[in-house]
Amino acid sequence: MARTVIVGGVAGGASAAARLRRRDEAAEIVVLERGEYVSFANCGLPYYVGGAIAQREALLVSTPEKLRAEVAIDVRTRHEVLRIDRAAKQVLVRDLLAGQDYPLSYDKLILSPGAQPLVPNVPGVDLPGVYSLRTIPDADAIKAMIDAGRVRRAVVVGGGFIGLEMAENLVARGVHVTLVEMLGQVMAPLDFEMAALVHRHLRDSGVLLALGSALKAIELAEDGGLVVHAGDGRQHQADMVVLAIGVQPESTLAAQAGLALGPRGHVIVNEHLQTSDPDVYALGDAIQVLNPVTGAPYAVPLAGPANRQARIAADHITGGDARYRGTWGTSIVKVFDLTVATVGSNARGLQGAGLPYLTTITHSQDHVAYYPGATQQSIKLLYRPDDGRLLGSQVVGYNAVDRTIDTLATALQAGMTVYDLEHLELAYAPPYGAAKDPVNIAGYVAANRLRGDSHMVEWSELAALREAGLGVVDVREEVEFALGHMEGALHIPLGQLRTRYAELDPARQWAVYCKVGRRAYLAERILRQHGYDVVNVSGGYTTYEVAMEKQSSDLDGGRSGVAGASAAPSAEAAPEPEVQAAVTLDACGLQCPGPIMAVYKAMEGLQPGQMLRATATDPGFARDVAAWAERTGNTLVDLQRYDHRIEAFLRKGLVVPGAPRPAAHPSEPTAKTMVVFSADLDRALASFVIANGALAMGQKVTMFFTFWGLNILRRQQAGQVSKTLVERMFGWLMPKGPGALTLSRLNMGGLGTLMMKQVMHSKRIDSLPALMQSAMDNGARLIACQMTMEMMGIKPEELIDGVEIGGVATYINETDRANATLLI
C-alpha cells in the first residue's frame, strides 16, 4: 500500500489529503501538523478579532476527528517534521506533546508548510504588546488584550491585506489606529492612483496614515505603553503594535533536504507541483510559481491557488496528468466600506518585465443611477498596445466589486481583449447592473483609445506636458469647477464649447477633462473635428484630484478625515440626527455634480436658518458638500456615513446659495487680476511692479493684455510670419516688445525715455524685461486677448514664451476668485 505523507495542514495540506482519498480509497495518507489546528480559516482571523465573526469555532474548517471519520486520514496535530531523508525516503518527526522523535517512511511526500510572518530585525519587536497575526493563538492573544480594555491606541505596521483588515477591525473595536507603511502607498498590487482612493477612504474612516515611513524601533513608554519609531523621524504612541509587514516561505525543511529554491527562498516546482525530487511535491505559500502575464516566476500567498495546487498534486500522485497553469493573482479585500480587488500584473510589474502596455481608468455606477443605492466603481485596465489583450486590472468600489473582478479575471485567463469586453453580454436589471455594465464601459474606453477615437494622457504625465506647452480645459459645470480644478485650467462647460472653441489657440495641444471622462470624450471629439490637437485625461478629475492630494495624514494634530466623520464605522441603520431638518433630499445614485446641484436647488427654497438633510451615495459628496457650504456661506452642521451612504445636515445662511464668497477664504492665498491695455513704458512698469509685489506676498496674479498692451508681449525678432498688408502696417506702426516702449509723458522724441532707463539702471531698478521675467518665474499668468490679436494682426509666433492666449471668459473666470482687479 502506497503511503503519502503531507507536511502541513490548513488550505493546501488538508485539501491534498481529501483529494487523495477521493482518488484512491486504498492509499495510506498521513498529515503532520505542527500546530494545534489542522485546518482553520486564517483569512478570517482579523474579523474574529473585530467581532464580525463571533464564534471562535467558526474558524475551524475541519478537525482531525472529522477528517478521520469522513475521509479516513491519519491526522497528527502537534507533530513537527524535523528533517527529510530523501535517500531513505523518510521524515524524522517529533511528537511535541510526548517529546519523542520517530522516523516515518513515505512513497510520496507533499510539503505544505505555508509561510511565517516577516518580523523585521529592529529593536523592540519582541516586547510585550507586539504581535503578528498568522494563527488562531495569535488572534486569541490580540483579542484578549482588547477585551480586557487595555488597548486604546494601536499601530499597525504594514499596508497589505492583513494590515488593512486589522486596521479596520481594530477601529471597529473602538481603537485609534495609526498605519505605518514603508512604501508610499498601501496594497502593493495596486498602482498608485488606485491606491490613493484607498488612502482617502482610510483617512475618512479615522485611520492615521504614515506612508513612506519604515519601522525603525519599538520601545517601552514611561506610561507602560509602547513607542514606535518610524523612518521619517516621527514617534507613534501605542498600547499595541501589530506587525503585518508580509510573510516569508517556510522552506527550511526543503533547503536542508537539498531541494532547489528560488531567489527569495521559495521551493521551485514544475507544472505537476513536483520539486527537484520527483517524489517530493510542494504547494501553497512556500512555492514559486509562474506568472502567466509576464512569464516570470513569482510567489503569491493566496488560499485559492493553494487549493488548486493541492488537487493537481494529488491527481498526479494518483496517476493523473493535471498541470498547474500559473497564478494570476486574483485577490480582493474589504477596507471599511470600500472593496479593493486586483488580477494580473500592475504597471510596475509590466515595466519590470519590459512589456509594453497601455492603461485606461473609468469610474462607473455599479447599477443604474435611478435605482436606489448606486455607488461608484473605479476600474483600471492594463492591456497590450498592439492587440488590446488584457494584462491586468484593478477595481476599487463599494458594491459588486467581486462581480466585476471575477468577470475581468475570467476574461484575462481566457486571453480576451478590450474589444471582447465591449461585446460581453452581462446580466442586467435595475437593482443589479446597467445596460452598459462597468466592464463594458471599461472596454469601450480602452478600445476607443486603441482605435484612435480618443487620445489619452495619464494624470502623472500632465506636469511635464504642461511645462512643454500643453493647455488644459475643464468642461465641467460652474459648480464643479468652483469646488476644485486643475491649476491654470481654462473653464469652458461642455454645453458652451461649440460656441467658444475659438478661444483656444489652435497652435497648441490641449488636454480636456471632466469628472470621470465621459463629457471630456465628447469635448475631445468636438475639438478634434475642428482641427485641434486634443488629449483626454484618463480617469478625469476624480483620478487627478485623489492622486495629487496629500496621501499621509496630518499626524501632528487631530484625527484625519472629513469634518463630522467619526473614527469608527457607524451602524448599518441611519443614525438618529442631533438636529431636525425642515427638508429631506435623497440624492442617492446621482453622480457629481448631481448631488451638489440637487443640494443647491433644495437650499434655494429654504429660508435662512432652515435645515436640509441630504443623503447621497457619491463618494465625493462628503468633500464636495463641505467645500460648497464653505464657499456659499451655508453651514455644514453634521456629516454621517452609514450603509454606503453619506448624510449631510446643512443650515441655510444669509447669502444666496451658489454665490461665491466676496473674499477669499483665510487659509487660501488672495489673488489679483489686472487688465493691461496701454503700451506706455511707465504704465507697463507700474503693472509689473504691482504684479511682483503681489507675488512676493504669496498672492496669485493674472494679467490680461488687450489692444495696445499686447505690444508689451511682442518679441523684438519674431522671424517670418505670414500676414496681410493691413496686418503688416499695424506691425510697423506699433512698438515691438518692452524695449521699444516709450513714456506717456516727457518722452521728448525718445530722450525722456532714454533718461528714465538710465536713472533706473543707476538706482539698480530692474528693467521692464527683467520685471516681466521675474513675474513669470514666480507664477504670474499672462494672457493675451485672442480677439484683439486678430483685430490687430498679431500672431501667436510674435509673442514671448510663456504667454497664454485666451478670451474674456478666461479672464472673468480668474476675476471671480480674486479680491482685487486693476485697470492699467
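The largest cavity in this predicted model is lined by His201, Asp337, Tyr398, Thr617, Pro619, Arg641, Tyr642, His644, Arg645 and Ile646. Here a cavity is a set of points, on a 1 Å grid over the protein atoms alone, where a 1.4 Å probe fits but cannot get out, and lining residues have an atom within 4 Å of a point. Strands β36 (635-642) and β37 (645-651) each supply at least two residues of that lining, and the volume of the largest cavity is about 90 Å³, taken as the space filled by probe spheres set on the points, which are joined across faces, edges and corners. The count comes to 3 cavities of 30 Å³ or more.

Because the model is predicted, local features need pLDDT of at least 70 and side-chain atom pairs count only at pLDDT 80 or more, while totals for chains, interfaces and linings use all residues. Residues are numbered from 1 along each chain as its sequence is written, and side-chain values use heavy atoms, with hydrogens and water left out.

An open sheet is built from 5 strands in the order β11-β18-β12-β13-β14, with parallel pairing; strands (E, at least two residues) and helices (H or I, at least four) are DSSP runs numbered from the N terminus, and two strands pair if DSSP finds at least two bridges between them. β11 (130-132) and β14 (208-211) stand at the edges with a single partner strand each, so one side of each has no neighbour in the sheet. From one strand to the next the twist averages 20 degrees, where axes are lines fitted to C-alpha atoms, for helices over the stretch in contact, and angles between N-to-C directions run from 0 to 180 degrees.

At one edge, β11 pairs with β18 (residues 240-243) in the parallel sense over 3 bridges, and Ser132 has Leu243 in β18 as its bridge partner. Helix α5 (residues 161-172) packs on the sheet, touching β12 (153-157), β13 (176-181) and β18, and its direction makes about 165 degrees with that of β13; contact means heavy atoms within 4.5 Å.

At the other edge, 4 bridges join β13 to β14, which run parallel, and Glu181 stands opposite Leu211 in β14. In a regular strand the side chains alternate between the two faces of the sheet. Leu208 and Ala210 point one way from β14 and Leu209 and Leu211 the other way, and all are buried, that is, under 20% relative accessible area with a 1.4 Å probe and protein chains only.

How values were computed
On a 1 Å grid over the protein atoms alone, a cavity is a set of points where a 1.4 Å probe fits but cannot get out, and a pocket is an open set with protein on both sides within 12 Å along at least five of seven lines; lining residues have an atom within 4 Å of a point. Buried means under 20% relative accessible area, exposed over 50%, partly exposed in between (1.4 Å probe, protein chains only).
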